[in-house]
Amino acid sequence: MVQSLLKERPQVRVSRGEQTRDRIMDVAEASVLAKGFAATSIDEILYEAGITKSGFFYHFRDKNDLALGLIERFRLQNLSIFEEIFDRAAELNEDPLHAFLVGLKLLAETLADVQAERPGCLVASFVYQDQQYDARVRAVIVDVTLVWRAQFVARLEAIAAVYPPRVDVELRDLADMLTAIIDGGIILSKTLREPQIMARQLLAYRAFVRTVFLGA
C-alpha cells in the first residue's frame, strides 16, 4: 500500500462538517472511477452518502464545484506520493540511477496494490470528459501533470550527469513516458481486468531506463 511506503502522517481531528464533505467526495470519487464523471449523478451521491440535497449544496455549489473539490483533494493527497517513494529509494541507494531503478520497483509494487483495491485514475477520468467541468478544474490537472514531469526530469537529469545517455532521447520525453505508462497501464488493467498489468509495464519501463543509461 502507498501508506506503507510513505512517512507516517499525523492524524488530524476534523469537524463533523469536514467529515461530511469527505464522505461526499469519497462516494463521488468511487463513482467517477467506476463509470466516469458524466455518469455520476448528484442524486446517486446523496443516496450513497446518506445526506440530504441541502447538505450537499452546503458543501458544493454544483457538480462542477464537486469536480474541483475532488481534483484539489487529489492534488493535496497524491502530488507528493511519487516524490516520497523515490526519496525513500534514494535513502536505500546513493547512486542516482540505481536509486531511480529501486524507486520504479517500489512504485510498481505500490500501484499494483492500489489498482487491485480501487482501479482507475481520477486525473485520467477527468481528462477524458473535460467538457463536463470548467477551466479551474483543467488548470489543477495541468498543474499536477507539470509537477510530476518536473519531479521525474530532475531525477533523470541527476542520472544523466553521472551516466550520459547511450541513446538519443530527450529527458522530458523519458519523464513523460512514465506518466503515459501509468495511465496506459490503468486503461489496460481495467479493460482486461488484470491489475498486475501496470506493474509489468512499469518494470518494462525500468528495463528501458537501464538500457538508456547503461546500454544493452
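A residue counts as buried here when its relative accessible area is under 20%. By that yardstick, 43% of the 216 residues in this predicted model are buried.

**Figure 1. The whole chain, an all-in-one look at 11 helices and 0 strands.** Reading from the N terminus, the elements go α-α-α-α-α-α-α-α-α-α-α. Along the principal axes, the C-alpha atoms fill a box of roughly 60 × 35 × 30 Å. How much of the contact map joins residues at least 24 apart? Taking contacts between residues at least 6 apart in sequence, the share is 74%. On the outside, the accessible surface is about 11,900 Å², and carbon and sulfur atoms hold 53% of that.

**Figure 2. Close-up of helix α2 (residues 16–35) meeting helix α3 (residues 42–49).** The two axes come within 9 Å and cross at roughly 125 degrees. Angles of 65 to 115 degrees would count as roughly perpendicular and those over 145 as roughly antiparallel, so α2 ends up oblique to α3. The crossing of α2 past α3 is right-handed. Who does the touching? On the α2 side, look for Arg23, Ile24, Val27, Ala28, Ser31 and Lys35. Facing them from α3 are Glu44, Ile45, Glu48 and Ala49. Sorted by type, the residues of this contact come out as 5 nonpolar, 1 polar and 4 charged.

**Figure 3. Close-up of arginine 155 in helix α9 (residues 135–162).** Is arginine 155 buried or exposed? Its relative accessibility is 19%, and the cut-off for buried is under 20%, so arginine 155 counts as buried. Leaving aside residues up to four places away in sequence, arginine 155 touches Glu83, Phe86, Asp87 and Phe100. Pick out those four side by side with the arginine to see what arginine 155 has for company.

**Figure 4. Close-up of arginine 193, in the loop between α10 (171–192) and α11 (197–214).** What is worth a look in the backbone here? Phi of arginine 193 is near 55 degrees, a positive value in a residue other than glycine. Most residues other than glycine have a negative phi. As for the surroundings, arginine 193 has a relative accessible area of 76%, and anything over 50% is called exposed, so this arginine is exposed. Set this view beside the previous one: arginine 155 is buried, whereas arginine 193 is exposed. Arginine 155 sits in helix α9, while arginine 193 sits in a loop.

Definitions and conventions:
Residues numbered from 1 in each chain as written. Predicted model: local features only at pLDDT ≥ 70, side-chain atom pairs only at ≥ 80, totals over all residues. Heavy atoms only, no water. Axes fitted to C-alpha atoms, helices over the stretch in contact; angles between N-to-C directions. Helix = DSSP H or I, 4+ residues; strand = E, 2+ residues; numbered from the N terminus. Parallel < 35°, antiparallel > 145°, perpendicular 65-115°, else oblique. Left-handed = near helix turned anticlockwise from the far one by under 90°. Contact = heavy atoms within 4.5 Å. Nonpolar A, V, L, I, M, F, W, Y, C, P; charged D, E, K, R; others polar. Buried < 20%, exposed > 50% of the residue type's maximum accessible area, 1.4 Å probe, protein only. Areas by Shrake-Rupley, 256 points an atom, 1.4 Å probe, with all protein chains shown as cover.
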